[in-house]
Amino acid sequence: MSGGHLDDGAFAEIWTAAIESRQAAAHPHLAECPQCRSRYAAFVGWLDRIHDDARDEADEAFPPERLAAQQALVLRRLEALERPARVIAFPKFSRPATSTQGHAQRWVAGAAAAGLVIGLAAGQFVDIRDAFAARRRPPSQTAVQTARVNPVTAPVVVSPADTSTVSDEQIFFGDAVQGVRLSSLDDITPRARDDERP
Amino acid sequence: MTGAQAAGLPTREADSAAASAVKALQAEGRHAEARERYTELVTRHQRRAARIAFHYLRDSAEADEAVQDALVKAYSHLSSFREELPFEIWFTRILINGCLDRIKARKRRERWLVPMPESPSGQRDFAERIAGPGLSPEDHVLGRERRQKLAAALARLPERQRSVFMLSHYQGCTSREVSVVTGLNESTVRVHLFRAIRRLRTLLADDASGVDAGRMKRRVNS
């Protein structure tokens, strides 16, 4: 109440009560004061306009065609709810992959990976070639062989003093001395044609 | 008298009968018939649901999706529907919860995304609108301005006040119905409604006086 007249708060209260009771607004002051009655009518008109505007706006966004399309979509979704889910095979594979196949494949892949890892780890600690060679040779023969000078594996020694005197031309074009020195290296180098011989 | 009040009890009875029938058909495994019967409920509540979702979300595409989701959810959870509650109220609750979830998700998204320039989403192009029959272009412009102001004022209301106002005034729900939908006390609903109206009145009056003052200023300057 302000100055004996009803304010917006009071109007809101009266209007809410009227909506609840689903009856016309009843307030003693409204019945007595024509000014407040007209202001209340304007207030209710304002609320009605808000209601109509809101409804029109929503209806404009949802014309009947859109509602029909929406209904069709809803029904399609309801239909889809009842169908069991289906796994579609990738086009490359003619038959769909089953779960057991996948299980076996996973085991095979796991075993292969484990084998590879074990092999690599063992390779780090054990030199398999040496182990095999030692097993093949009898211990006495091994001792004799190490004592004997092997012509094939004998190292070729080139003195550093000699190499320092070799000129660039000699390296490129070669000479008789160099040829003699390198011939021993040449002898021990295997050639492809040697293997081809029966 | 608006919305649900005007719709009256016969609709509610028909809703309850349809919902019970769909529930029974679902239980018997007669899904095609259940769907067919459910269409009746969809047709009856679709328009109202679209309005509610649109007022909550202010985006027609999102409102469309929210309504679809709510209708599908209601169908698939119909076994948990209790006949003592009107179907309309039960369904509205599902719809509003969905809308609130979407609003939350949108807020989370907006925290990470650069805001797009404002567009009248869900509204047809201006030229298209004024070309239609009915109101004059000027009326369209004025109406649109008024709606935008109202939407802005509604957006400034606290969430509960907004929900209560929209359900009571736009959808014509009683305090009891609103209390069932929102989970608030009946007297709290009435207080929220009263406060929402008073605040809206103030906000829209401020806007109107601001516009009037602006017009006056322009007139004086010219």
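A residue is taken here as buried if 20 or more other C-beta atoms lie within 10 Å of its own, as exposed if 12 or fewer do, and as partly exposed in between. I note at the outset that this is a predicted model.

**Entry: Arg58(B)**

I began with Arg58(B), which sits in the loop between H2 and H3 of chain B. Is Arg58(B) buried, exposed or partly exposed? I found 18 other C-beta atoms within 10 Å, and because that count falls between the two cut-offs, Arg58(B) is partly exposed. Its backbone also caught my eye, since the phi of Arg58(B) is near 60 degrees, a positive value in a residue other than glycine. For context, most residues other than glycine have a negative phi.

**Entry: the two helices flanking that loop**

I then turned to H2(B) and H3(B) themselves, which pack at an angle of about 140 degrees with their axes 9 Å apart. That angle makes H2(B) oblique to H3(B), because only angles over 145 degrees would count as roughly antiparallel. The crossing in which H2(B) passes H3(B) is right-handed.

Which residues make this contact? From H2(B) I listed Tyr38(B), Val42(B), Gln46(B), Ala49(B), Ala50(B), Ala53(B), Phe54(B) and Leu57(B). From H3(B) the partners are Ser60(B), Glu62(B), Ala63(B), Ala66(B), Val67(B), Ala70(B), Leu71(B) and Tyr75(B). Sorted by class, the contact of H2(B) with H3(B) holds 13 nonpolar, two polar and one charged residues.

**Entry: Arg47(B)**

Staying on helix H2 of chain B, I looked up Arg47(B), which is found there. Arg47(B) has 16 C-beta neighbours inside 10 Å and therefore counts as partly exposed. I also checked its separation from Val67(B): the two are 20 residues apart in sequence, and their C-alpha atoms are 9.5 Å apart in space.

**Entry: helix H4 of chain B**

Next I took helix H4 of chain B, residues 87-112, which has 26 residues. From its first C-alpha to its last the helix reaches 38 Å, close to the 38 Å expected at 1.5 Å a residue. Where along H4(B) do the buried residues fall? They are Phe87(B), Glu88(B), Trp90(B), Phe91(B), Thr92(B), Leu95(B), Ile96(B), Gly98(B) and Cys99(B).

**Entry: where chain B meets chain A**

For the contact between the chains I counted 39 residues from chain B and 30 residues from chain A. On the side of chain B that touches chain A, the elements giving two or more residues are helices H2 (31-57), H3 (60-76), H6 (137-155), H7 (159-170) and H9 (186-221) of chain B. H2(B) supplies the largest share of that side, with eleven residues. By class, the side of chain B that touches chain A comprises 13 nonpolar, 17 polar and nine charged residues.

**Entry: the chains as wholes**

Finally I set down the overall make-up of each chain. Chain A comes to eleven helices and zero strands, while chain B has nine helices and zero strands. How many of the residues of each chain count as buried? Of the 198 residues of chain A, 9% are buried, and of the 222 residues of chain B, 31% are buried. As for range in sequence, residues 24 or more positions apart account for 41% of the contacts in chain A with a separation of 6 or more. In chain B, among contacts between residues at least 6 apart in sequence, 66% join residues at least 24 apart.

Conventions: Residues numbered from 1 in each chain as written. Chains lettered and ligands numbered in written order. Predicted model: local features only at pLDDT ≥ 70, side-chain atom pairs only at ≥ 80, totals over all residues. Contact = placed C-beta atoms within 7 Å. Helix = DSSP H or I, 4+ residues; strand = E, 2+ residues; numbered from the N terminus. Nonpolar A, V, L, I, M, F, W, Y, C, P; charged D, E, K, R; others polar. Axes fitted to C-alpha atoms, helices over the stretch in contact; angles between N-to-C directions. Parallel < 35°, antiparallel > 145°, perpendicular 65-115°, else oblique. Left-handed = near helix turned anticlockwise from the far one by under 90°. Expected span 1.5 Å × (residues − 1).
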